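Please read this briefing alongside the sequence and the model shown below. The points are grouped by topic after a short lead.

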Amino acid sequence: IKNWTADRPLFCNVTGTLKNIIIDKSCTFTAATESMTSTGDKQCAFIAEKINPKGKAINCTNFGDVTASEINNGTHRVAGLFGAGYGLIADCRNYGDITVTNNKNFEKNLMVGGIVAYYNTNAQTKDYFGKDFLVNCANYGNITVEFPETVQPKNVYVGGVLGTTAYHKSTEVVNHGRITDCYNFGNVKYHFKKLAGGTYGNVGGVIGYAEANIQYCCNYGKVEYTVPVGERTVGGTRPGVGGVVATATYTVFYCENYGEVYVEGVWAGGTDGNAGAGAYAGAVFGGVVGCAGIFEVTDSTDKVKNCTNYGKFTTKYYCLATGGTATSQGGVVGYSQMAVEDCSNEGVVDINTYNKNTYVGGVVGNSPYNVTRCDNNGNVSLTLMGMTAETASFRAGGVVSGIQVSVFVPDHD
């Protein structure tokens, strides 16, 4: 398809198979204003609003740019190809840039992904439980979500390939299946300026938030989450950032990050077990995974395993709460409510904080589970800004900081 100026997707509810559709770079998508400001869910993408549980999307590619603004009521899903997925999505590519801006406050959630913004398997039929539902997909376009100082966003989920799966409170989490062999090469940026609370954000190079198993996924682009640090009022609630995935509730296996991860802002802690918060209510930042696991699950058999970070990981932040909200940061995983095994950090970990309560680890920031056969070869630095070691409560380690069980590291000759 060439020379198409779109304001709505090509298809609505796909119940069959979409295959070999190509959107040329001469096409542009600008979300219709009346669609974005009406109530209800909005799907803003070139090819389809929704891939039905009985539908499939195979080998589809987009080269056109997508722009969405004037966001107001309802839930918004913005992507290069598909707004929402309920069926198989495989071998798809996005090369177009995606830009989301706004000049109004909005009351519900925003989901943004290079391939698909939102995914939800059928909880009754369990069509993709234990199976791949998103496989061999890649994003090459830059994704920018940016709001001016007049706008207070709500929960935001941004990923290079997938914005988010369906998300639940910790007692209702569902495993939607597997995300396999997905890659991001574009830069992923989320920036807002209004200093007020109530905003949960999950930003990842490949996936923002996932109630799913993730395997063989890689990020090569820069991942950036920024809020002004200047004024010491709350800029956001419980941010999660990861080079591959910000928050993952189930096993993450053989995933790698090569891109830079940069976080700057003012934060407050969230609510334990809240939908979209994952296993930890404090700020969580990681080179591969920001937060892993489910809140208060003490017998998980899931793992973060064979994951490696090669990218530079930098944070500069201030947290507000009584005594300072605990923040967890690691070269591979920020916080893990599951075992971490055979993981390695090769990148620089550079933490700069005004916070009184901080966990920093070369591989894992904080975990109540075992950390086994993990290795850090990158430099780790912690700079306490505006305080001294005597006034701060911090834990820093070359491999792990706030471990509550046992640590096993490989032998070195």
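Is E341 buried or exposed? With a relative accessible area of 12%, E341 is buried, where buried means under 20% relative accessible area, exposed over 50% and partly exposed in between, for a 1.4 Å probe and protein chains only. This is a predicted model, in which local features need pLDDT of at least 70 and side-chain atom pairs count only at pLDDT 80 or more, while totals for chains, interfaces and linings use all residues. Residues are numbered from 1 along each chain as its sequence is written, and side-chain values use heavy atoms, with hydrogens and water left out.

**Overall make-up**

- The protein chain holds one helix and 53 strands, taken as DSSP runs numbered from the N terminus (helices H or I, at least four residues; strands E, at least two).
- Of the 413 residues in the protein chain, 60% are buried, and the chain exposes about 14,500 Å², of which carbon and sulfur atoms supply 45%; accessible areas come from the Shrake-Rupley method with a 1.4 Å probe, and for residues only the protein chains shown count as cover.
- Among contacts (heavy atoms within 4.5 Å) between residues at least 6 apart in sequence, 83% join residues at least 24 apart.

**The salt-bridge network around E341**

- The structure holds eight salt bridges, each defined as a side-chain nitrogen of Lys or Arg within 4 Å of a carboxyl oxygen of Asp or Glu.
- In one of them K303 pairs with E341, the closest N and O atoms being 3.2 Å apart; K303 lies in strand 38 (residues 303-305) and E341 in strand 43 (residues 339-341), so this pair ties together parts that are 38 residues apart in sequence.
- K303, at a relative accessible area of 30%, is partly exposed, whereas its partner E341 is buried.
- A salt bridge also joins the side chains of K305 and E341 at 3.3 Å, N to O, and because K305 lies in strand 38 and E341 in strand 43, the pair links parts that are 36 residues apart in sequence.
- R373 and E341 meet through their side chains in a salt bridge of 3.8 Å, N to O; R373 lies in the loop between strand 48 (371-372) and strand 49, so this pair ties together parts that are 32 residues apart in sequence.
- R373 counts as partly exposed at 42% relative accessibility, and salt bridges that share partners join K303, K305, E341, D342 and R373 into one network.

**Strands and sheets**

- Ten strands form an open sheet with parallel pairing, in the order 4-9-14-19-24-29-34-39-44-49, where two strands pair if DSSP finds at least two bridges between them.
- Strand 4 (22-23) and strand 49 (375-376) stand at the edges of this sheet with a single partner strand each, so one side of each is left without a neighbour in the sheet.
- Strand 34 (residues 256-257) and strand 39 (residues 308-309) run parallel and are joined by two bridges, with N257 standing opposite N309.
- S344, in strand 44 (residues 344-345), is buried at a relative accessible area of 13% and, leaving aside neighbours within four places in sequence, is in contact with C307, T308, N309, V332, D375 and N377.
- Along strand 20 (residues 143-147), I143, V145 and F147 point to one face and are buried, while T144 and E146 point to the other and are not.
- Strand 20 runs parallel to strand 15 (residues 98-101), to which four bridges join it, and T99 stands opposite T144.
- Strand 20 also pairs with strand 25 in the parallel sense over five bridges, and here V145 stands opposite Y190.

**Nonpolar core and surface patch**

- The largest nonpolar core has 87 residues, of which I47, F82, L134, I179 and I214 touch the most other members; such a core is a set of buried Ala, Val, Leu, Ile, Met, Phe, Trp, Tyr and Cys residues joined through side-chain atoms within 4.5 Å.
- Another core, of eleven residues including Y86, Y157, A166 and Y167, lies apart from that one.
- I22, F63, Y95, Y140, F185, Y220, Y258 and Y310 form a nonpolar patch on the surface, with about 730 Å² of accessible area together; patches are made of residues with over 30% relative accessible area and no salt bridge, like charges being joined within 9 Å and nonpolar side chains (Val, Leu, Ile, Met, Phe, Trp, Tyr) within 5 Å.
- Within this patch, F185 is partly exposed at a relative accessible area of 36% and sits in the loop between strand 24 (183-184) and strand 25 (188-192).
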